[in-house]
Amino acid sequence: MIQIYGTPRGSAGRCYMMLEEVGQPYEIMPLDMMEKKEHKSPEYLKLNPNGKVPCLIDGDFVIWESTAINFYLAEKYKPELLGRTPEEKGLIQQWSTWCMVELQPPLVDMIIQLMFVPEPKRDMALVERSKEKVPPMLAVLDQAMMGKTYLVNERLTVADFNVASVVNIAAAMKFDLSPYKNIERWFSGMKERPSFKKFIDLRKH
Ligand SMILES: N[C@@H](CCC(=O)N[C@@H](CS)C(=O)NCC(=O)O)C(=O)O
């Protein structure tokens with residue numbers, strides 16, 4: 001059975017969504033990252049030398065990086081979530097890369113400062129700068145979603161899951177999505193999927 005390391009509340013969350021979407025059974029592997037720092041143990045570093053989660057094991061195959069894991073799961077278990085042409089594949093990669101390297105970093109900076117850094121040490125200037133970066137990117141996504149149900153060529157793809165997982169962080173960080181009607185419509189549809197519901201449920205525990 002597929003094994004996955006990483007709490008659904010972190011970067012691994014999007015992989016749980018994809019595991020649910022492809023309908024493969026999986027086992028959540030225990031990893032004490034707080035007290036025992038098991039993600040830095042020699043055993044775990046053999047799986048992911050970065051000492052980070054998620055990491056997924058499928059038989060004797062090991063893969064890390066959350067969006068790469070999602071592409072792997074789609075390729076192996078639900079290839080209809082991938083593009084059919086070079087153009088579709090390009091756009092799926094475009095949105096998946098964009099959400100990871102553009103939209104997510106300012107959100108993560110805010111989470112780190114507001115949730116993990118003690119108040120006296122908090123870099124509020126970084127929080128403010130990060131906060132300002134997000135709305136223009138949401139506007140880009142909103143424009144791209146105009147009149148559409150899915151991000152790429154009106155077919156549900158890996159890009160929808162990867163981007164939805166980051167939009168979910170923005171929503172959790174109380175960014176107002178109401179000015180972005182196209183995002184709201186698409187995101188509501190994604191939230192109706194059983195895989196998304198399970199992902200939200202897993203994050204509660
Ligand atoms: N780009 C990586 C990010 C992985 C990552 O930063 N994971 C965090 C948890 S959300 C982690 O393992 N942090 C532990 C550490 O950095 O020591 C991915 O998307 O898989």
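1. A polar contact is a pair of N or O atoms within 3.5 Å; within protein, one must be able to donate a hydrogen and the other to accept it. The side chains of Lys 78 and Glu 21 make such a contact, at 2.9 Å. Bear in mind throughout that this is a predicted model.

2. The Lys 78 and Glu 21 pair also counts as a salt bridge, with its closest N and O atoms 2.9 Å apart. Glu 21 sits in helix 1 (residues 13–22), and Lys 78 sits in the loop between helix 3 (66–77) and helix 4 (86–116), so the pair ties together parts that are 57 residues apart in sequence. Are the two partners buried or exposed? Both Glu 21 and Lys 78 are buried.

3. The surroundings of Lys 78 deserve a look. Leaving aside residues up to four places away in sequence, Lys 78 touches Glu 21, Val 22 and Leu 73. Arg 193 enters the picture too: Glu 21, Lys 78 and Arg 193 are linked in a network of salt bridges.

4. How many salt bridges does the structure hold? There are 8. Side chains of opposite charge can pair when their charged atoms come close. Two further examples lie within single helices, as the next points show.

5. Glu 128 pairs with Lys 131 in a salt bridge, the closest N and O atoms being 3.9 Å apart. The cut-off for a salt bridge is 4 Å, so this pair qualifies at 3.9 Å. Both residues belong to helix 5 (residues 124–144) and are 3 residues apart, about one turn of the helix. Glu 128 is partly exposed, at 36% relative accessible area. Lys 131 is partly exposed as well, at 40%.

6. Helix 7 (residues 181–191) carries a pair with the 3-residue spacing, Glu 184 and Lys 181. Their side chains meet in a salt bridge at 3.7 Å, N to O. Glu 184 is partly exposed, with 30% relative accessibility. Lys 181 is exposed, with a relative accessible area of 52%. The line between these two classes is drawn at 50%, so Lys 181 falls on the exposed side. An α-helix has 3.6 residues a turn, so residues three or four places apart point the same way.

7. Helix 3 passes a simple length check. At 1.5 Å a residue, its 12 residues should span 16 Å, and the end C-alpha atoms are 16 Å apart, which agrees. The buried residues of helix 3 are Ser 66, Thr 67, Ile 69, Asn 70, Phe 71, Tyr 72, Leu 73 and Ala 74. What do they pack against? Their partners are strand 1 (2–5), helix 1, strand 3 (55–58), strand 4 (61–64), helix 4 and helix 6 (158–172).

8. The largest nonpolar core has 56 residues. Leu 73, Leu 103, Leu 141, Val 163, Val 167 and Trp 186 touch the most other members. At least two residues come from each of strand 1, helix 1, helix 3, helix 4, helix 5, helix 6, helix 7 and helix 8 (194–204). Domain 1 (2–80) and domain 2 (83–193) each contribute at least three residues to this core. Another core lies apart from it, with 6 residues, among them Tyr 5, Met 29, Val 53 and Ile 57.

9. Val 163 merits its own inspection. Not counting residues up to four places away in sequence, Val 163 touches Trp 95, Trp 98, Cys 99, Leu 141, Leu 151 and Trp 186.

10. The chain is divided into domain 1 (2–80) and domain 2 (83–193). Their C-alpha centres lie 21 Å apart. The contact between them takes 10 residues from domain 1 and 14 residues from domain 2.

11. Gln 93 is in helix 4. Gln 93 is partly exposed, at 40% relative accessibility. Gln 93 and Pro 42 are 51 residues apart along the chain, and their C-alpha atoms are separated by 33 Å.

12. Some backbone features should be checked by eye. The peptide bond from Val 53 to Pro 54 is cis, with omega near 10°. Pro 54 lies in the loop between helix 2 (42–47) and strand 3.

13. Which way does phi point at Lys 37, positive or negative? Phi of Lys 37 is positive, about 50°, although the residue is not a glycine. Lys 37 is in the loop between strand 2 (26–29) and helix 2, and is partly exposed at 46%. Glu 154, also not a glycine, has a positive phi near 60°. Glu 154 is in the loop between helix 5 and helix 6, and is partly exposed at 40%.

Terms used: Residues numbered from 1 in each chain as written. Predicted model: local features only at pLDDT ≥ 70, side-chain atom pairs only at ≥ 80, totals over all residues. Heavy atoms only, no water. Helix = DSSP H or I, 4+ residues; strand = E, 2+ residues; numbered from the N terminus. Buried < 20%, exposed > 50% of the residue type's maximum accessible area, 1.4 Å probe, protein only. Expected span 1.5 Å × (residues − 1). Contact = heavy atoms within 4.5 Å. Core = buried A, V, L, I, M, F, W, Y, C linked by side-chain atoms within 4.5 Å. Domains from an automatic or database assignment.
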